[in-house]
Amino acid sequence: MFGINIIGTGSYTPKLTVTNDDMSKIVDTNDEWISTRTGIKLRCLNDGEATWYMGAKAAEKAIAAAGISPEDIGLIIDSTVTGDFYTPSCACVIQDHLGAVNAAAFDINAACSGFVYGLDTAKRFLQTDDGLKYVLVISNEILSRFVDYTDRSTCVLFGDGAGAVVVERSEKLYSSYLFSDGSGAKVLYAKKMFPQHPFRTSDAVDYGEDFTKEDQFLFQDGKEVYKFATKALPTASKAAADKIGLALNDIDWFVPHQANIRIIETAAKNLDIPMSRFIINLDKHGNTSSASMPVAFDEAVSDGRIKKGQKVCFVGFGAGLTMGAVIVEY
Ligand code: ACO
């Protein structure tokens, strides 16, 4: 089987930590509500770092752990919905910072599912390009760029962070499943800047009737996202496992998108997998969008929970709506 070998992991989270009690000083909320509805206790929030900088720090650690030099990397894929620039890509800025002079570099946007989309893209590049040896996959997000800190229903959920892995080709077990449902775009979105050219006759852009929120802050229909998410995690995991005839029970670890503990508990019940096999760090980080899976993975690899040879299922969902799972042997 053509698979990938994850040879290095790294992560970076801002030093500024904000507790639920801190959140209760800026919006009408409390630790009890946030903890019981989401499982989140703490989030790290950006305090001046650029998105690319956080990604570069995570990447430096992943490259060091892989024991390769930046010049060996042939491709950099950066998953972000909160890049610093419309252009260039975060991936190019990070490439320069790392000195990865032999890499092609580009960004992808699959929202919170971005890490699995990035990992699967890396695998497909490795499979079709014999000259490609190492791919660096990064997910870096500053959700606090577009979260409205006067809206208690969203601001308590999100945090900032970055994670990265270096992968190479291997004969190890591999499977993936990616799926998108654009009809759900309207339940989770944040608009970009309006066009400002001097010849315009309109001060607004007609986005269509689905996207009526006027400002550029994140809009979320929490209940619709919740419904999608609780189905997405089991659907994507099962679909990826079924493709290679793997029993879910044979997967050692699930690394899910860290959005909400209740979503993960519902998925675990549906999959009939004990919560002890799910890597959870959302209590300390909140939801860091596409960074959540590689950050959780790096923490679990670093503290020895996830060991070489074990089977790992990364599974996520996000705006788009998107979902996806990648199963690898670590
Ligand atoms: N503190 C206190 N009360 C609050 C807060 C808060 N932070 N937020 C909302 N409430 C109130 C609401 O106003 C509402 O009050 P009301 O009954 O007087 O109107 C009450 O709590 C219940 O609100 P619900 O929205 O019904 O709460 P629910 O139990 O559905 O939980 C939540 C809300 C946590 C957002 C849930 O819907 C959820 O987790 N959805 C999925 C969110 C998600 O995963 N998003 C990210 C996905 S993709 C990505 O990562 C970008």
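Buried, in these notes, means under 20% relative accessible area, exposed means over 50%, and partly exposed is in between, with a 1.4 Å probe and protein chains only. I am working on a predicted model, in which local features need pLDDT of at least 70, side-chain atom pairs count only at pLDDT 80 or more, and totals for chains, interfaces and linings use all residues. Residues are numbered from 1 along each chain as its sequence is written, and side-chain values use heavy atoms, with hydrogens and water left out.

**Entry 1: cysteines**

I looked for disulfides (pairs of cysteine sulfur atoms within 2.5 Å). The search of the whole structure gave zero. Why is Cys44 without a bond to another cysteine? Its closest cysteine sulfur is in Cys155, and at 16 Å that is too far for a bond. Cys44 is buried, at 5% relative accessible area. Next I checked Cys313, which is in no disulfide either. The nearest cysteine sulfur to Cys313 belongs to Cys112, 17 Å away. Cys313 is buried as well, at 0% relative accessibility.

**Entry 2: the ligand**

I then listed what sits near the ligand, taking a residue as near if one of its heavy atoms lies within 4 Å. There are 24 residues around the ligand, and Arg37, Cys112, Gln220, Lys223 and Asn287 come nearest. By type I get ten nonpolar, nine polar and five charged residues in the shell. My classes are Ala, Val, Leu, Ile, Met, Phe, Trp, Tyr, Cys and Pro as nonpolar, Asp, Glu, Lys and Arg as charged, and the others, Gly among them, as polar.

For polar contacts I took pairs of N or O atoms within 3.5 Å; within protein, one atom must be able to donate a hydrogen and the other to accept it, and residues adjacent in sequence count only if both atoms are side-chain atoms. What does Arg152 offer the ligand? A polar backbone atom of Arg152 is 2.9 Å from a ligand nitrogen. Gln220 uses its side chain, with an N or O atom 2.6 Å from a nitrogen atom of the ligand. Asn287 has a polar side-chain atom 2.6 Å from a ligand oxygen. On its own the ligand has 1,000 Å² of accessible area, and the protein covers 74% of that. I used Shrake-Rupley areas with a 1.4 Å probe, and for residues only the protein chains shown count as cover.

Which elements give two or more residues to this shell? They are helix 2 (31–38), helix 6 (152–155), helix 7 (222–243), helix 8 (261–271) and strand 12 (311–318). Helix 7 has the largest share, four residues. Helices here (H or I, at least four residues) and strands (E, at least two) are DSSP runs numbered from the N terminus.

**Entry 3: the core**

I built nonpolar cores from buried Ala, Val, Leu, Ile, Met, Phe, Trp, Tyr and Cys residues joined through side-chain atoms within 4.5 Å. The largest has 46 residues, and Phe254, Phe317 and Ile327 have the most contacts inside it. Helix 7, helix 8, strand 12 and strand 13 (322–329) each give two or more residues to this core. Helix 7 leads again, with eight residues in the core and four in the ligand shell. A general note to self: in soluble globular proteins, nonpolar side chains tend to be buried together.

**Entry 4: backbone oddities**

I found a cis peptide bond joining Thr87 and Pro88, with omega about 5°. Pro88 is in the loop between strand 4 (73–79) and helix 4 (90–98). Another cis bond runs from Gly320 to Leu321, with omega near -5°. Leu321 is in the loop between strand 12 and strand 13.

I also looked at positive phi. Asp272 is not a glycine, yet its phi is about 60°. Asp272 is in the loop between helix 8 and helix 9 (282–285). Ser289, also not a glycine, has a phi of about 55°. Ser289 is in the loop between helix 9 and helix 10 (292–302). Buried or exposed? Asp272 is exposed at 65% relative accessibility, whereas Ser289 is buried at 2%.

**Entry 5: two last lookups**

Asn5 is in strand 1 (residues 3–12). Asn5 is buried, at 13% relative accessibility. I see a polar contact of 3.4 Å between the side chains of Asn5 and Lys308.

Glu214 is in the loop between strand 9 (188–189) and strand 10 (219–220). Glu214 is exposed, at 70% relative accessibility. How far is the C-alpha of Glu214 from that of Ala204, ten residues apart along the chain? I noted 9.2 Å.
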